[in-house]
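Student: I should like a close look at one part of this protein, namely how its charged side chains pair. Please set that part in the context of its surroundings.

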Amino acid sequence: MREIIKLGLILLLITSISAVVLGLSNNLTQGKIEEAENSVSEEARMAVLPEADKFEEENSDKIDKEVKENPNILEVYKGINDQDEVIGYAIKTASSGYGGDVEVITGISTEGTITGMNVVNHQETPGLGANATSEEFQERFSGVPATEEVEIIKTEAQSENEVQALTGATITSDAVGNSVNMARELYIENLK
């Protein structure tokens, strides 16, 4: 009986020390992780709205309410040119994919055209759903009008609001399409 209690106390001590070390390392690296995520998002905003010189977070009451009510709308930035004019918006949304949430930043110009799309975070299957990060797939969204719902189809696109899905990754393609449509709806209802 004494041996069992002794082993139990040793195990408790080891797990307690491990928990403290993990907690400390998490606190030390949390700032750097957030900084890296912000850097990736900034690069993605520049990629989807390349004519913008800087980005400012959109803080209107309508947008704040939308972000609070819809947990899938993660952030909304307005793109500003060198003459301090708003030229478009970069909207970060998330939708459920095959392996988890797929986070997408969608650029929409003030003229109502999708200027680009960038998948910034995902847990999709390598070689299939992970191909959503490929430049070829992301470029399929450029030039699509934001006034109409983006349709993800399996065959080649026949109209300007259709985007061909990734082969073998329909769920991921649909998740990206849902994220883009969420951004598009937010633009139409609150930013246009």
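Tutor: The model is a predicted one, and a convenient place to begin is the pairing of two strands. Strand β4, residues 101-109, runs antiparallel to strand β5, residues 114-121, and six bridges join the two. Within this pair, Glu-103 is placed opposite Asn-121 of β5. The two strands make a hairpin with four residues between them. In the turn, Gly-112 has a positive phi of about 90°.

The charged pairs come next. Side chains of opposite charge can pair when their charged atoms come close. Counted with a limit of 4 Å between a side-chain nitrogen of Lys or Arg and a carboxyl oxygen of Asp or Glu, the model has eight salt bridges.

One of them joins Glu-42 to Arg-45, with 2.8 Å between the closest N and O atoms. Both residues belong to helix α1, where they are three residues apart, about one turn of the helix. Their surroundings can be described by relative accessibility. Glu-42 counts as partly exposed because its value is 32%, whereas Arg-45, at 5%, counts as buried, since the limit for burial is under 20%.

Arg-45 also forms a salt bridge with Glu-75, and here the closest N and O atoms are 2.8 Å apart. Arg-45 lies in helix α1 and Glu-75 in strand β2, residues 73-80, so this pair ties together parts that are 30 residues apart in sequence. Glu-75 has a relative accessibility of 16% and therefore counts as buried. Glu-42, Arg-45 and Glu-75 are thus linked in a network of salt bridges.

A further salt bridge is formed by the side chains of Lys-54 and Asp-84, at 3.4 Å from N to O. Lys-54 is in strand β1, residues 54-57, and Asp-84 is in the loop between β2 and β3, so this pair too ties together parts that are 30 residues apart in sequence. Lys-54 counts as partly exposed because its relative accessibility is 37%. Asp-84, at 57%, counts as exposed.

The nonpolar interior gives the context for these pairs. The largest nonpolar core has 28 residues, and those that touch the most other members are Ile-91, Ile-114, Met-117, Phe-141, Val-176 and Val-180. At least two residues of this core come from each of β2, β3, β4, β5 and α4, the last spanning 170-191. Helix α4 gives the most, with eight residues.

Ile-91 connects this account with the charged network. Apart from neighbours within four places in sequence, the contacts of Ile-91 include Glu-75 and Val-76, as well as Val-104, Ile-105, Thr-106 and Ile-108. Also among its contacts are Ala-183, Leu-186, Tyr-187 and Leu-191. Glu-75, in contact with Ile-91, is also a member of the salt-bridge network. There is a second, separate core of nine residues, with Leu-49, Tyr-77, Ala-90 and Ile-105 among them.

Nonpolar side chains are found at the surface as well. Met-1, Ile-5, Leu-9 and Leu-12 make a nonpolar surface patch of about 480 Å². Leu-9 belongs to helix α1, residues 2-48, and counts as exposed because its relative accessibility is 53%. Helix α1 therefore holds both the exposed Leu-9 and the buried Arg-45.

How values were computed. Residues numbered from 1 in each chain as written. Predicted model: local features only at pLDDT ≥ 70, side-chain atom pairs only at ≥ 80, totals over all residues. Heavy atoms only, no water. Pairing = 2+ DSSP bridges. Patch = residues over 30% accessible without salt bridge, like charges linked within 9 Å, V, L, I, M, F, W, Y side chains within 5 Å. Areas by Shrake-Rupley, 256 points an atom, 1.4 Å probe, with all protein chains shown as cover. Buried < 20%, exposed > 50% of the residue type's maximum accessible area, 1.4 Å probe, protein only. Core = buried A, V, L, I, M, F, W, Y, C linked by side-chain atoms within 4.5 Å. Contact = heavy atoms within 4.5 Å.
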